[in-house]
Amino acid sequence: MVALCGVYAPSVVAGNVCGMSLLRELGWQVTDAAIAQPLIAGGTPCQRASLDDAHAHRDLQLQVPQHFDPVQREQLAVDVLQQQASVCAYLFKLGDATRAATTRLQENRGYRFSAVQMGWIGFGLGGAKAQGWQRFRSFGRGYAPVATNSSAVDAFYRGNVRSECGVGRQIAQLATQREMYGDALFDREFAPGELSIGTFLTLHKTQSILLGSSAGEFFADGKAVRTSAMGRQAFMGAPGFIAHVFDKKYLDDINNQAENFVITDLSDAAAQALARHGGFAHYDAVNRQIWELSQQMPGSGWRRFERLLYERDTALRAALPPEHQQVLARIDTLLADPVYRELMLYVHPKGVRPLGYHIARLLDRNPRTPFSIDLALHNLHTTLYRRWVDARLRACGNTMSGTTNGDETWNWA
């Protein structure tokens, strides 16, 4: 986990409990005790299935000396909020928000896919402004909210919109932040340019909180080595991509040369397998084996491998000749790994499905190349965590008349 180091000097008067309140909101179990110094037992919540599971393992326990005054308590909260255990507690919330956002996106039948050559984003006959967006680059390559941030996201929750899967990933990431903040805070805390969508190259030239000037500190872990070591909750909401390994000349379907995703969930068994194998590099090698075996099963048919390997079509499997049955059994064994069955990805427009579905599907779409899996650069554990903390503290301050002016922010150094 990226270390979070900083100093916050709150302007505290009697009754200010915003820092301690935020710890409790995150799931810390805070108690007073007759002790000389605080006892902080963060544990390993990133490895747990849920906040309740973390509590059952006695994670996220904080004992505060009874004699601590309000200033000391708030400074202690500062220290605890910068610990890895607090980031993991936040990731429980982020996982819930990711699942809520992607469920709403996949339930919108009006949000469809358009091929890259048709433009990255299309808002239909009514135009972008009618759905809350303002174009700042041509050919659908760049848009930012024109009204409220929440109404702009609503275009993808409820409107008629087209985009390819890269924008689908961006929208899933931004919608997750909306679910984390709630509409009022989401509208207030982010400038329109910070929620820009478009080509990835476009975002680098904007204020985007995903890849632009407001992104801050990135967590780079392409093969998920560090993420796997942290535990299952460290994957929540993480963006990534499945991409072709061989040169583009081996692609048959250019519109399926890659699949951009956000991770919505993974099981304990899948998390343990990733930790045991040290991340995604092992699964790139397994993907290569699956692809090589598929080359030994010539044949044709719409969604043939998807039906064979993911849907497990009994009639189609039974019709294979004996030599292909043996190859199929070997592929089945490889795909039985929990990472293929229980690492859940949201990919527009396919919704939430396991990794194994995508590997099988791509054998049909681009049979002449294997595919690899990577996490993209993200700032979920760093800048976006810090901004959420700041926003929650401001919101708390604004509800405590006479205790704070509501304008303090934490100085994360």
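Modeller: Before we start, a nonpolar core here is a set of buried Ala, Val, Leu, Ile, Met, Phe, Trp, Tyr and Cys residues joined through side-chain atoms within 4.5 Å, and please keep in mind that this is a predicted model.

Biologist: Fine, so which residues touch the most other members in the largest nonpolar core?

Modeller: Those are Trp28, Leu62, Tyr90, Trp133 and Phe156, in a core of 71 residues. At least two residues each are supplied by helix 1, strand 3, helix 3, helix 4, helix 5 (149-158), helix 6 (165-181), helix 7 (183-189) and helix 17.

Biologist: And which element gives the most to this core?

Modeller: Helix 4 does, with 11 residues.

Biologist: What is tyrosine 90 in contact with, leaving aside its neighbours within four places in sequence?

Modeller: Tyrosine 90 contacts Leu26, Gln177, Met180, Leu380, Leu384, Tyr385 and Trp388. Apart from the core just described there is another one, of 43 residues, and among them are Leu309, Leu335, Leu355 and Ile373.

Biologist: Back to helix 1, which of its residues are buried?

Modeller: In helix 1, which spans residues 18-26, the buried residues are Cys18, Gly19, Met20, Leu22, Leu23 and Leu26. Their cover includes strand 1 (29-33), helix 2 (51-56), strand 3 (61-65), helix 3 (70-81), helix 4 and helix 17 (383-399). Just after helix 1 comes glycine 27, which takes a positive phi of about 115°.

Biologist: Changing topic, what is the strand order in the open sheet of three strands?

Modeller: The order is 4-8-5, with mixed pairing, and the edge strands, each pairing on one side only, are strand 4 (111-113) and strand 5 (121-122). Strand 4 runs parallel to strand 8 (residues 161-163), and three bridges join them; phenylalanine 113 has serine 163 in strand 8 as its bridge partner.

Biologist: What about asparagine 108, buried or exposed?

Modeller: Asparagine 108 sits in the loop between helix 4 (84-107) and strand 4, and it counts as buried because its relative accessible area is 9%, where the cut-off for buried is under 20%. Leaving aside neighbours within four places in sequence, asparagine 108 contacts Ala155, Phe156, Tyr157, Arg158 and Gly159.

Biologist: Last one, where does pLDDT stay under 50?

Modeller: That happens over residues 1-15, for which the model has 46 contacts beyond four places in sequence, and over residues 401-413, for which the model has 38 such contacts. For the protein chain the mean pLDDT is 92, and 92% of its residues reach 70 or more.

Conventions: Residues are numbered from 1 along each chain as its sequence is written. This is a predicted model: local features need pLDDT of at least 70, side-chain atom pairs count only at pLDDT 80 or more; totals for chains, interfaces and linings use all residues. Side-chain values use heavy atoms; hydrogens and water are left out. Two strands pair if DSSP finds at least two bridges between them. Helices (H or I, at least four residues) and strands (E, at least two) are DSSP runs, numbered from the N terminus. Buried means under 20% relative accessible area, exposed over 50%, partly exposed in between (1.4 Å probe, protein chains only). Contact means heavy atoms within 4.5 Å. pLDDT is the predictor's confidence in each residue, from 0 to 100.
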